[in-house]
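Here is an informal walk through one model, helix by helix and then loop by loop. Have the viewer open as you read.

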Amino acid sequence: MPQSTIDFGKYGARGVKGSEAVARKLDELAGGITTPVTARRGLTARLHYLTRTAHARKAAHDAGLTVTDRTLKAWLDGRRSPSKANLERIERAYRSVRRKNVARHLLRRLNSSGGTRVEIHPLNQSQVPRPLQRVVEYRTMNVRRWDRIVAAWAAGDAQELDGAWTDTIVDLGSQWGQYEYVTNVGFAA
């Protein structure tokens, strides 16, 4: 009976937690501003996104962007540039607000038509000594209920997302523990 992996990578296996791969894919599906925050265009686009309405400003404040309106205006006008720490806060706030804004739409798309087909690519064992390698196949499964996964992703709760993903892959049967760490998880909505 498989259990949670305690000492992943001890013999050279490489991969990421399945929940991290799911979060990356959800971020990709959520889309957004692709220009980096360090570029003037990316900074301006993020600041406009975070300040265009009172609701967006409140969400940005709740996400950790706590600067005065005067400072925001100076950043938008290009009279001042944010520090490296403030650039990180802006990026974090943008990701958090973007996730919350698209979560409902993304959830509807993922749950439509009886769920979404998910491809799970197994961990990379190329660095594991031959006698210690195990046969781990590429798997597909249909995830019918995305509510808990998307809610945890939108909230930025990595522990809850990991628990939700683990509860989902249990549907793989007795081999689910082999897919706790993967190279990639792919799906489309």
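What follows covers three helices, one helix pair and a few loop residues.

## Ground rules

This is a predicted model, where local features need pLDDT of at least 70 and side-chain atom pairs count only at pLDDT 80 or more, while totals for chains, interfaces and linings use all residues. Residues are numbered from 1 along each chain as its sequence is written, and side-chain values use heavy atoms, with hydrogens and water left out.

Helices (H or I, at least four residues) and strands (E, at least two) are DSSP runs numbered from the N terminus. Buried means under 20% relative accessible area, exposed means over 50%, and partly exposed is in between, with a 1.4 Å probe and protein chains only. Contact means heavy atoms within 4.5 Å.

## Helix H1

H1 has 13 residues and reaches 18 Å from first C-alpha to last, close to the 18 Å expected at 1.5 Å a residue; that expected span is 1.5 Å times one less than the number of residues. Its buried residues are Gly 18, Ser 19, Ala 21, Val 22, Ala 23, Lys 25, Leu 26 and Ala 30, and they pack against E1, H5, H6, H7 and E4. Right after H1 comes Gly 31, with a positive phi near 65 degrees.

## Helix H2 and its crossing with H4

H2 also passes the length check: its twelve residues should span 16 Å at 1.5 Å a residue, and its end C-alpha atoms are 16 Å apart. Gly 42, Leu 43, Arg 46, Leu 47, Tyr 49, Leu 50 and Thr 51 are its buried residues, with H3 (54–62), H4 and H5 (84–111) included in what covers them.

The axes of H2 (residues 40–51) and H4 (residues 69–77) come within 9 Å and cross at roughly 140 degrees. Here axes are lines fitted to C-alpha atoms, for helices over the stretch in contact, with angles from 0 to 180 degrees between N-to-C directions. On the H2 side, Arg 40, Thr 44, Leu 47, His 48 and Thr 51 meet Leu 72, Trp 75, Leu 76 and Asp 77 of H4. By class, that contact has four nonpolar, three polar and two charged residues.

## Helix H7

What does the length of H7 look like against expectation? The twelve residues of H7 (residues 158–169) should span 16 Å at 1.5 Å a residue, and the end C-alpha atoms are indeed 16 Å apart. At the N-terminal end, Asp 157 acts as a cap, with a side-chain oxygen 3.3 Å from the backbone nitrogen of Gln 159.

The buried residues of H7 are Leu 161, Asp 162, Ala 164, Trp 165, Thr 166, Thr 168 and Ile 169. They pack against E1 (16–17), H1 (18–30), E2 (116–122), E3 (139–143), H6 (147–155) and E4 (181–186). Take Thr 168, which counts as buried because its relative accessibility is 11%. Leaving out residues up to four places away in sequence, Thr 168 touches Met 141, Val 143 and Ile 149.

## Two loop residues

Gln 125 sits in the loop between E2 and E3, yet is buried, with a relative accessible area of 15%. Beyond its neighbours within four places in sequence, Gln 125 contacts Gln 133, Arg 134 and Val 136. A polar atom of the Gln 125 side chain lies 2.8 Å from the backbone oxygen of Arg 134. Gln 125 and Arg 14 are 111 residues apart in sequence but 6.6 Å apart in space, C-alpha to C-alpha.

Ser 113 lies in the loop between H5 and E2 and is exposed, with a relative accessible area of 79%. Ser 113 has a positive phi of about 60 degrees although it is not a glycine. Most residues other than glycine have a negative phi.

Note on methods:
Polar contact = N/O pair within 3.5 Å; in protein donor to acceptor, adjacent residues only side chain to side chain. Nonpolar A, V, L, I, M, F, W, Y, C, P; charged D, E, K, R; others polar.
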